[in-house]
Amino acid sequence: MRKRLGIISFFVVIFVAFIFIWNYSYLQGREDAYIPVIDVPSGNYIPSERGAFLRFENPNMDYAKMPVDENHQRSLKDYYDNRAYLGAPPSIPHPVAKERSFGGNTCIQCHQNGGFVEKFNAYAPVTPHPEMVNCRQCHVTKNTNTTFTEFNFDKMQPPKVGIGANNAMPGSPPMIPHQLQFRESCISCHAGPSAPKEIRVTHPDRINCRQCHLPQENRAVQELDTSTFLRQFDQLNEK
C-alpha cells in the first residue's frame, strides 16, 4: 500500500512540475511574442516644433504686440531674391567681419531674436533654428550678382500667396506650400517686423500652427465617387 502511494505521489509531483514548467514556458513565449511596434516616420511632422513655443517664453518676443514698421517692411520679392533657387538657404547679404565666424558669437547675436539694425537700416530676420550654430555650413556670402557662364536653367516660381492660393477647400486655412525641414519655428518667418508682409499672419498668438495648417503634397488627387457621401436614407426606404 505504501509503495503504491509512493508511486502515485511521485507521478503527482511530476505532473505538478510539468504544469508549472509548461505554464512558465507559455507565459515566457507570450511575452517574447509581443514585439514593440515602431511607427515609421511619415515626414509630415516637425521634429523641433517645440521651438515655436520656446520663443514665446521670452517676454521680449510678444509677437502679438509688436508694431508694424511700415517704412522698413520686407517683401516676398526680397525674400526670394536672396536665394539661389526655391528652397535654398538665404545668402548673407551684408559684409562678414570674419570669414570663418559663426554661431553664438556673431550670427546668433542678431538673428536669434531679430531687432532693428541701424547699420543696415533693416530688421534682422529671425532664424527658425538658432540651435544650429554652424551657420556658414549652409549660408554663404553673396559676392556677385552674375553667373559664371550662360545657362538655360529656368528658376522655379515660388508658391502663390493670397486667398484661395493654397487652400484645399474654399474658406479653409491655407496649406504649407514648402518643406518643413529647418523651418521648425513657423513664427520666425510669419510674424514680427522682419516677416515678409505678404505672409505675415494676423494671429501670431496662436502658435500651434499645425493644428490648422497641413503640409501640401504635390500629388494628383484621385477622383472620388461623390455619391458615396450622399444621404442614402430615401433610397433605402423607397420600397
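# Notebook: cysteines, contacts and surface

I began with the cysteines and found that the sulfur of Cys138 lies 9.1 Å from the closest cysteine sulfur, the one in Cys135, which is too far for a bond. A disulfide would need the two sulfur atoms within 2.5 Å. I then looked up Cys186, which is in no disulfide either; its nearest cysteine sulfur belongs to Cys209 and is 4.0 Å away. My count of disulfides by this rule is zero. I also noted the exposure of Cys138: the residue is partly exposed, at 44% relative accessible area. I keep in mind that this is a predicted model.

**Overall layout**

I listed the secondary structure next and got six helices and two strands. Read from the N terminus, the order of elements is α-α-α-α-β-β-α-α. The protein has 239 residues, and buried ones make up 20% of them. I looked up the accessible surface as well, which comes to about 19,500 Å², with 58% of that belonging to carbon and sulfur atoms. For contacts with a separation of 6 or more, I noted that 72% are between residues 24 or more positions apart.

**Helix H1 and the nonpolar patch**

I looked for nonpolar surface and found a patch of about 920 Å². Its members are Ile8, Val12, Phe15, Val16, Phe18, Ile19, Trp22, Tyr26 and Leu27. I picked Val12 to check further, and placed it in helix H1, which covers residues 2–33. Val12 is partly exposed, with a relative accessible area of 45%. A residue needs over 30% relative accessible area to be taken into a patch, so Val12 passes on that point with its 45%.

**Glu70**

I went on to Glu70, which sits in the loop between helix H2 (50–55) and H3. Glu70 is exposed, at 57% relative accessible area. Its side chain is joined to that of Gln73 by a polar contact of 2.7 Å. I also checked Glu70 against Pro193: the two are 123 residues apart along the chain, and their C-alpha atoms are separated by 9.1 Å.

**The salt bridge in H3**

How many salt bridges does the rule give? I counted one. Asp81 pairs with Lys77, and the closest N and O atoms are 2.8 Å apart. The cut-off for such a pair is 4 Å, so the 2.8 Å between Asp81 and Lys77 falls within it. Both residues lie in helix H3, four residues apart, which is about one turn of the helix. I compared their exposure classes: Asp81 is partly exposed at 39%, whereas Lys77 is exposed at 57%.

**Ser91**

I placed Ser91 in the loop between helix H3 (76–81) and helix H4 (107–111). Is Ser91 buried or exposed? I found Ser91 buried, with a relative accessible area of 15%; the class calls for under 20%. Leaving out residues up to four places away in sequence, Ser91 touches Asn82, Val140 and Lys142. With Asn82 there is also a polar contact between the two side chains, at 2.7 Å.

**Ser194**

I then looked up a second serine, Ser194, in the loop between H5 and helix H6 (233–236). Ser194 is buried, at 5% relative accessible area. What does Ser194 touch, not counting residues up to four places away in sequence? I noted Arg74, Tyr123, Ala124, Pro125 and Val126.

**Positive phi values**

I ended with backbone angles, looking for positive phi in residues other than glycine. Asn121 is one such residue, with phi near 55°. I found Asn121 in the loop between strand S1 (116–117) and strand S2 (122–123), and at 47% relative accessibility Asn121 counts as partly exposed. Phe182 also has a positive phi, near 70°. Phe182 lies in the loop between S2 and helix H5 (187–190). I checked its exposure too: Phe182 is partly exposed, with a relative accessible area of 34%.

How values were computed. Residues numbered from 1 in each chain as written. Predicted model: local features only at pLDDT ≥ 70, side-chain atom pairs only at ≥ 80, totals over all residues. Heavy atoms only, no water. Buried < 20%, exposed > 50% of the residue type's maximum accessible area, 1.4 Å probe, protein only. Polar contact = N/O pair within 3.5 Å; in protein donor to acceptor, adjacent residues only side chain to side chain. Contact = heavy atoms within 4.5 Å. Patch = residues over 30% accessible without salt bridge, like charges linked within 9 Å, V, L, I, M, F, W, Y side chains within 5 Å. Areas by Shrake-Rupley, 256 points an atom, 1.4 Å probe, with all protein chains shown as cover. Salt bridge = Lys/Arg side-chain N within 4 Å of Asp/Glu carboxyl O.
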